[in-house]
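Thanks for making time this morning. I would like to walk you through one model, so please have the sequence and the structure open as I talk.

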Amino acid sequence: MKKLNSLIIGIVGIIVLLTFTAINIEKKSGSSGSEVITIYNWGDYIDPSLLKQFEKEYGYKVIYETFDSNEAMITKIEQGGTAYDIAIPSEYMIQKMMKQNLLLKLDHSKIKGLENIDPRFLNIDFDEGNQYSVPYFWGTLGIIYNDKFVKEENMQHWNDLWRPELKNNVMLIDGAREVIGLALNSEGYSLNSKNDAELTQISEKLTGLTNNVKAIVADEIKMYMINEESAVAVSFSGEASEMLDNNEHLHYVIPEEGSNLWFDNIVIPRTAKNVKGSYDFINFMLRPENAAKNAEYIGYSTPNKKAVEILPKEITTDEQFYPDEATMKNLEVYEDLGSKYLEVYNDRFLEFKMYRK
């Protein structure tokens, strides 16, 4: 019996030792509890050196995952398989996530640097008082054209996309809100329209665009335009910035009749495990020097007014990416359409894509 007891005690001792060792290994590798911060962001949407700097400064291990659409992002957060500490959705999706109780309400006493944000980008309708989100980047939707194939005066308006000489020469971003929205704007309508007659009209109008559409894609637009495989594209300002940097013949236009003003903001999902780490990351990114470094790397416009002061003047004075007040007044933010009209937009966009085949 004594031998049996000794054996049991020995086994228990080994189990305890192995457990203790495993916990230590886990802590050292940074995969345990508060040692980890899990970030969910768009692909290539932060300067990697900032993540390394954040890890070094705060002692966290960053697990960084990416998504390619707001819809994919919210689906994964709803499923709850991974407890993300930070996510960076767009404004209309933030509105939806708030309604579905998927976000933690922010404690502003734990946020340092919110005063660095330009007041124009705070307290916007989709999150009044910034109760759930902190601005990260902002930008516009517009037209990129190559001056070797298109004259400047012939590519200033959404309706110019329908020009017959552009047959098989227009690249469109693969997004229902974007394509339906630009068609609505081309007729002077709101890109958040819930008017069935307007939506029917622009669906018919989009049918007339199909001959000009070379492809409906996402990130591939950059490669196509840089390599001059298409004359015109519709994409976001940050993507356009990268294209322009790589081809001097490319230009970006925000049509004066109106377009989308979008925001990507930092939020803390309700299922976050490392809330302290979430606030540390928010405060880290609100520092002007970090926001400026990130903006210069990514190419999108920063809402951080102190960061704007640090950035090179050739960037911040470029009205293609930091538009003047007159242009800003014609821009609209996407609103949460609700399930009924979100389905309408998606169905009409799908019809458009199927028709062009």
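I will begin with the chain as a whole, then turn to its core, to one helix, and to one annotated residue.

A word on the basis first: this is a predicted model, in which local features need pLDDT of at least 70 and side-chain atom pairs count only at pLDDT 80 or more, while totals for chains, interfaces and linings use all residues. Residues are numbered from 1 along each chain as its sequence is written, and side-chain values use heavy atoms, with hydrogens and water left out.

The chain has 14 helices and 10 strands, both taken as DSSP runs numbered from the N terminus (helices H or I, at least four residues; strands E, at least two). Of its 357 residues, 50% count as buried, where buried means under 20% relative accessible area, with a 1.4 Å probe and protein chains only. If we take contacts (heavy atoms within 4.5 Å) with a separation of 6 or more, residues 24 or more positions apart account for 75% of them.

In the largest nonpolar core, which has 110 residues, Leu-161, Val-232 and Phe-281 touch the most other members; β4 gives the most to this core, with eight residues. By such a core I mean a set of buried Ala, Val, Leu, Ile, Met, Phe, Trp, Tyr and Cys residues joined through side-chain atoms within 4.5 Å. Leaving aside neighbours within four places in sequence, the contacts of Leu-161 include Ile-143, Met-155, Leu-209, Val-232 and Asn-212.

Phe-281 brings us to helix α9, where it is one of the buried residues. How many of the 12 residues of α9 are buried? The count is 10, so to speak of the helix as mostly covered is fair, and those buried residues pack against β1, α2, β3, β4, β9 and α10. The length of α9, residues 275–286, also agrees with expectation, because 1.5 Å times one less than its number of residues gives a span of 16 Å, and its end C-alpha atoms are 17 Å apart.

Finally, the "binding site" annotation in an unreviewed UniProt entry covers Tyr-92, although such annotations may be inferred rather than shown by experiment. Tyr-92 lies in helix α4, residues 91–99, and is buried, with a relative accessible area of 11%. Not counting residues up to four places away in sequence, Tyr-92 touches Asn-70, Glu-71, Arg-177, Tyr-334, Glu-335 and Asp-336. With Glu-71 there is a side-chain to side-chain polar contact at 3.0 Å, that is, a pair of N or O atoms within 3.5 Å, one able to donate a hydrogen and the other to accept it.
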